[in-house]
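Student: Could you take me through one part of this model in close detail, namely the open sheet and what surrounds it? I would like a single connected account.

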Amino acid sequence: MPINVLMPALSPTMEKGNLAKWLKKEGDAIKSGDVIAEIETDKATMEVEAVDEGVLAKILVAEGTADVPVNELIALIAEEGEDPASVQAQKAGGEAKTAPVEPKGTPDQNAAPDGSHASYARVDQAPEGAKPNGAAPAAASEAGGRVFASPLARRIAKQEGLDLSAVKGSGPHGRVIQRDVQDALANGTGKGTAKGADKAAAAPAPAEKPAAAPAPKAAPAGGAPAGLSLEQVKGFYEKGSYEEVSLDGMRKTIAKRLTEAMQIAPHFYLTVDCELDALMKLRETLNAAAGKDKDGKPLFKLSVNDFVIKAMGLALTRVPAANAVWAEDRILRFKHAEVGVAVAIDGGLFTPVIRRADEKTLSTISNEMKDFAGRARAKKLKPEEYQGGVTSVSNLGMFGIKHFTAVINPPQSTILAVGAGEKRIVVRDGQPAVAQVMTCTLSCDHRVLDGALGAELIAAFKGLIENPMGMLV
């Protein structure tokens with residue numbers, strides 16, 4: 001029986017990918033661990049490894065194909081003893097095997113909590129218990145009737161004659177995992193239905209209903225009004241006065257996620273002015289004391305942004321209730337601070353995450369950021385390097401921006417917008433004085449932080465910036 005190779009989900013938010021290149025050709029032997037293709041996501045190009053063996057019998061999606069949906073069939077692998085030339089995709093009623101694939105050198109984004117690798121079992125007949133409106137139960141998807149399940153869960157279900165389509169999945173994205181199968185067996189859910197699936201598949205299909213008229217454009221989820229259509233927007237402008245620029249995957253993802261962030265996360269904003277004189281003096285002292293490498297170059301060169309990252313990391317651990325994110329029906333609170341840093345690149349931005357920023361030295365943060373920034377501009381970051389985080393820092397000070405507000409990057413709960421440091425008149429002991437001042441605005445997700453908690457967090461940040469020796473002890 002041939003093994004289906006599907007377009008993998010290389011990140012939790014990936015919906016489509018570009019099949020950049022096939023590294024194996026039809027007729028090549030495939031071993032577990034072989035790199036078979038290169039997939040372009042919205043952020044990077046990833047090498048994809050096979051975790052099954054056989055012969056690459058048919059390539060169904062040509063290299064260079066853009067916007068291939070996740071889980072779409074892209075190739076077929078013939079198993080041992082099969083004739084690769086006669087292999088065909090499984091038709092309705094057939095029980096196709098699916099070859100899991102995984103990104104090389106990165107954590108398996110599809111891994112199930114039971115430690116098994118997530119893959120998919122094909123269920124072409126209508127699953128038992130399907131609702132009249134056509135909605136599939138448990139983990140069956142609307143498109144194609146696939147049941148998402150780990151290999152271990154599928155093996156146990158097959159041995160016990162359990163219909164996976166009747167099992168509610170508790171794994172990532174609703175996948176059925178070992179625990180779900182064991183619970184279903186204990187409760188008698190779906191028992192014995194899988195063995196009778198062939199009979200169900202032979203039953204005549206219900207009469208096809210006439211196609212309904214196209215529905216009007218629906219408003220986005222959450223009740224927000226729908227935006228203007230392409231033709232409506234173009235109608236405002238004279239023809240020939242503009243050029244149309246197609247969106248790449250990165251810009252599409254940025255547009256979608258930040259629109260969702262503004263619709264879903266209730267933002268509020270807190271602004272403080274931070275005096276930088278003490279920080280600038282300490283920065284100068286530390287940079288002058290930096291050791292040299294074998295070529296005589298400094299081992300580090302601290303920037304103001306490095307101090308900002310460290311201060312945010314420490315502030316989160318000093319205000320632990322703010323070191324948290326929203327997760328559907330609960331809050332996840334973290335033991336260490338993870339601070340993302342926005343890095344602008346052509347056509348968008350990356351937000352690599354400094355892990356355990358509260359524990360790292362300023363020089364370590366500085367060198368990590370230089371490495372991240374370089375690889376971000378070359379689009380060489382791995383997904384685990386820019387995913388997650390509790391907060392982010394967006395610094396537009398180098399562009400002369402004094403003050404701005406930033407949009408929270410889900411699933412994070414805050415983002416700090418940092419303006420330029422500039423000389424301003426301040427009042428000290430009742431007298432005017434000149435100080436270097438930087439305006440910072442914290443955007444907060446009101447589901448996680450109330451006003452007082454957000455104020456406590458940004459006050460802790462301000463205290464560290466204005467008394468920077470606290471970052472060294």
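Tutor: Helices, of at least four residues, and strands, of at least two, are DSSP runs numbered from the N terminus. The model is a predicted one, and in it Pro411 is found in the loop that links strand 20 (391–395) to strand 21 (414–428). Pro411 counts as partly exposed because its relative accessibility is 45%, and, leaving aside residues up to four places away in sequence, Pro411 touches Arg257, Val325 and Trp326. Of these contacts, Arg257 is 154 residues away from Pro411 along the chain, yet the C-alpha atoms of the two are separated by 9.9 Å.

The strands on either side of that loop belong to an open sheet of 6 strands, arranged in the order 13-22-21-20-16-19 with mixed pairing. Its edges are formed by strand 13 (267–275) and strand 19 (353–354), each of which pairs on one side only. Strand 13 runs antiparallel to strand 22 (residues 431–445), and 9 bridges join the two; within this pairing, Leu270 stands opposite Leu442 in strand 22. Helix 10 (residues 451–466) lies across strand 13, strand 21 and strand 22, and runs at about 20° to strand 13.

Turning to strand 19, one of its residues, Val353, is touched by Glu385, which lies in helix 9 (residues 383–386). Glu385 has a relative accessible area of 16% and is therefore buried, the cut-off for that class being under 20%. Not counting residues up to four places away in sequence, the contacts of Glu385 also include Thr351, Pro352, Arg355, Phe372 and Arg375.

Key. Residues are numbered from 1 along each chain as its sequence is written. This is a predicted model: local features need pLDDT of at least 70, side-chain atom pairs count only at pLDDT 80 or more; totals for chains, interfaces and linings use all residues. Side-chain values use heavy atoms; hydrogens and water are left out. Buried means under 20% relative accessible area, exposed over 50%, partly exposed in between (1.4 Å probe, protein chains only). Contact means heavy atoms within 4.5 Å. Two strands pair if DSSP finds at least two bridges between them. Axes are lines fitted to C-alpha atoms, for helices over the stretch in contact, and angles run from 0 to 180 degrees between N-to-C directions.
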